[in-house]
Amino acid sequence: MAIDSNSGKTPPKPISQKVGPAILEVKCVNLALQGGGAHGAFTWGVLDRLMEEPRIEIEGVSATSAGAMNATVMAHGLTIGGRKGAREALEEFWHDIARVSPSFGALQWFEMMSRFLSPYELNPSNYNPLRELIRQVIDFERLRQSSAIKLFLSATNVRTGKIKVFTEKEITADCVLASACLPFLYQAVEIDGEYYWDGGYMGNPALFPLIYSCQSRDILIVHVNPLERPDKPTSAREIMNRMNEISFNSSLMREMRAVAFVTKLIDDGKLNQNDAKRLLIHSITADDVMRGLGAASKLNADKGFLSELHALGRERAQAWINEHFDDVGSRSTVDIWATYL
């Protein structure tokens, strides 16, 4: 799947843009945003810093769960108000999350009780504090008509077990909620007669839409779920948390294996670059911090906690820009074999 030739299109070349007296080299990237509940505030920080960077343009975003919310809010902001609008929309969204944080306390109780009752028994009214918030923050009609970036949100079809990717041309509030529908907390989201759960099971995030539908070869993955943990989980909560991390990283690992396979074929001269796209993979992570956060913190919408994660995201994005901006368009800054395989 990761061997598409992108319909014969060549990757976009860096362009020069005059900003005041200076001429900046502008590079184009695609983003892949993982889900992780309140930990998505880290991704908010990353996006906040990227929106400040005039040398980086974003062509497309593939995202899941909390990543899908970040991606859709950013796309909405870019569409109605450019980079400034994107930053303001993201800030408004996460401040609203903190404002309704008492509602997330109910979700923590639901999560505990979900060991014994399904959401159809525990939450028959299908209460979701994000439903109205998303509809208030995002102009979905405007986004469907003229999104400033390409958008790909992943959900899991409950009936078939297959991935469903919603694009900016068809996106609704239900598409975003479907991408973030944890089956032990919420009833499956119905869209056009099909039912969907969280996209993390089949694509967290899915890379193939960026490969098939975007010209840029550079994919910047924003990680929220730790790939590795040094210690063996022993408590019931630790075991469940690690199982979820492995499950939600598995689809990305499979896609990265395909990327690595195609890259090696190209590098060994066994596959022509006209027949396949040689991807350049980058990542922004905070595994050192995320490993220290408990699973319950994914439902922690306290303003102080979200602000700390936002600041961490900005910090890690700045470090990535400082260290790797010059590599964009020329080489991967992630050792795919060592990191994913």
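Is Asp192 buried or exposed? In this predicted model, Asp192 counts as exposed, because its relative accessibility is 79% and the cut-off for exposed is over 50%. Asp192 sits in the loop between strand E6 (189–191) and E7. The phi angle of Asp192 is near 55°, a positive value in a residue other than glycine.

A positive phi also occurs at Asn126, where the angle is near 60°. Asn126 belongs to the loop between helix H4 (119–122) and H5. Asn126 is buried, because its relative accessible area is 17% and the cut-off for buried is under 20%. Most residues other than glycine have a negative phi, and most peptide bonds are trans. The peptide bond from Asn204 to Pro205 is cis, and its omega is near -10°. Pro205 is located in the loop between strand E7 (194–198) and helix H8 (208–213).

The overall fold comprises 12 helices and nine strands in the protein chain. The chain has 341 residues, of which 52% are buried. Contacts were also considered by their separation in sequence. Of the contacts between residues at least 6 apart in sequence, 78% join residues at least 24 apart.

One helix pair was examined in detail. Helix H2 (residues 66–99) packs with helix H5 (residues 130–137) at an angle of about 155°. Their axes are 10 Å apart. H2 is therefore roughly antiparallel to H5, since an angle over 145 degrees counts as such. The crossing of H2 past H5 is right-handed. On the H2 side, the contact is made by Met69, Val73, His76, Ala89, Glu92, Phe93, Asp96 and Ile97. On the H5 side, Leu130, Leu133, Ile134 and Val137 take part. The residues of this contact of H2 with H5 comprise nine nonpolar, one polar and two charged.

Charged pairs form a further set of links. Side chains of opposite charge can pair when their charged atoms come close. The structure contains 21 salt bridges. One of them joins Asp48 and Arg314, with the closest N and O atoms 2.9 Å apart. Asp48 is in helix H1 (residues 40–52) and Arg314 is in helix H11, so this salt bridge ties together parts that are 266 residues apart in sequence. The partners sit in unlike surroundings: Asp48 counts as buried at 6% relative accessibility, whereas Arg314 counts as partly exposed at 23%.

A second salt bridge pairs the side chains of Lys150 and Glu59, at 3.4 Å from N to O. This pair links distant parts of the chain, with Lys150 in strand E4 (residues 150–157) and Glu59 in strand E3 (residues 56–63), 91 residues apart. Lys150 is partly exposed, with a relative accessible area of 27%. Glu59 counts as buried, at 14% relative accessibility.

A third salt bridge connects Asp288 with Arg316, the closest N and O atoms being 3.0 Å apart. Asp288 is in helix H10 and Arg316 in helix H11, so the pair ties together parts that are 28 residues apart in sequence. Arg316 counts as buried because its relative accessibility is 19%, and the cut-off for buried is under 20%. Salt bridges that share partners also build one network of Asp48, Arg49, Glu52, Glu53, Arg55, Arg87 and Arg314.

The region between H10 and H11 was considered last. Ala296 lies in the loop between helix H10 (287–290) and helix H11 (303–324). At 39% relative accessibility, Ala296 counts as partly exposed. Ala296 and Asn241 are separated by 55 residues in sequence. In space, the C-alpha atoms of Ala296 and Asn241 are 9.1 Å apart.

Technical notes: Residues are numbered from 1 along each chain as its sequence is written. This is a predicted model: local features need pLDDT of at least 70, side-chain atom pairs count only at pLDDT 80 or more; totals for chains, interfaces and linings use all residues. Side-chain values use heavy atoms; hydrogens and water are left out. Helices (H or I, at least four residues) and strands (E, at least two) are DSSP runs, numbered from the N terminus. Buried means under 20% relative accessible area, exposed over 50%, partly exposed in between (1.4 Å probe, protein chains only). A salt bridge is a side-chain nitrogen of Lys or Arg within 4 Å of a carboxyl oxygen of Asp or Glu. Axes are lines fitted to C-alpha atoms, for helices over the stretch in contact, and angles run from 0 to 180 degrees between N-to-C directions. Angles under 35 degrees count as roughly parallel, over 145 as roughly antiparallel, 65 to 115 as roughly perpendicular and the rest as oblique. A crossing is left-handed if the near helix is turned anticlockwise from the far one by less than a right angle, and right-handed if clockwise. Contact means heavy atoms within 4.5 Å. Ala, Val, Leu, Ile, Met, Phe, Trp, Tyr, Cys and Pro count as nonpolar, Asp, Glu, Lys and Arg as charged, and the others, Gly among them, as polar.
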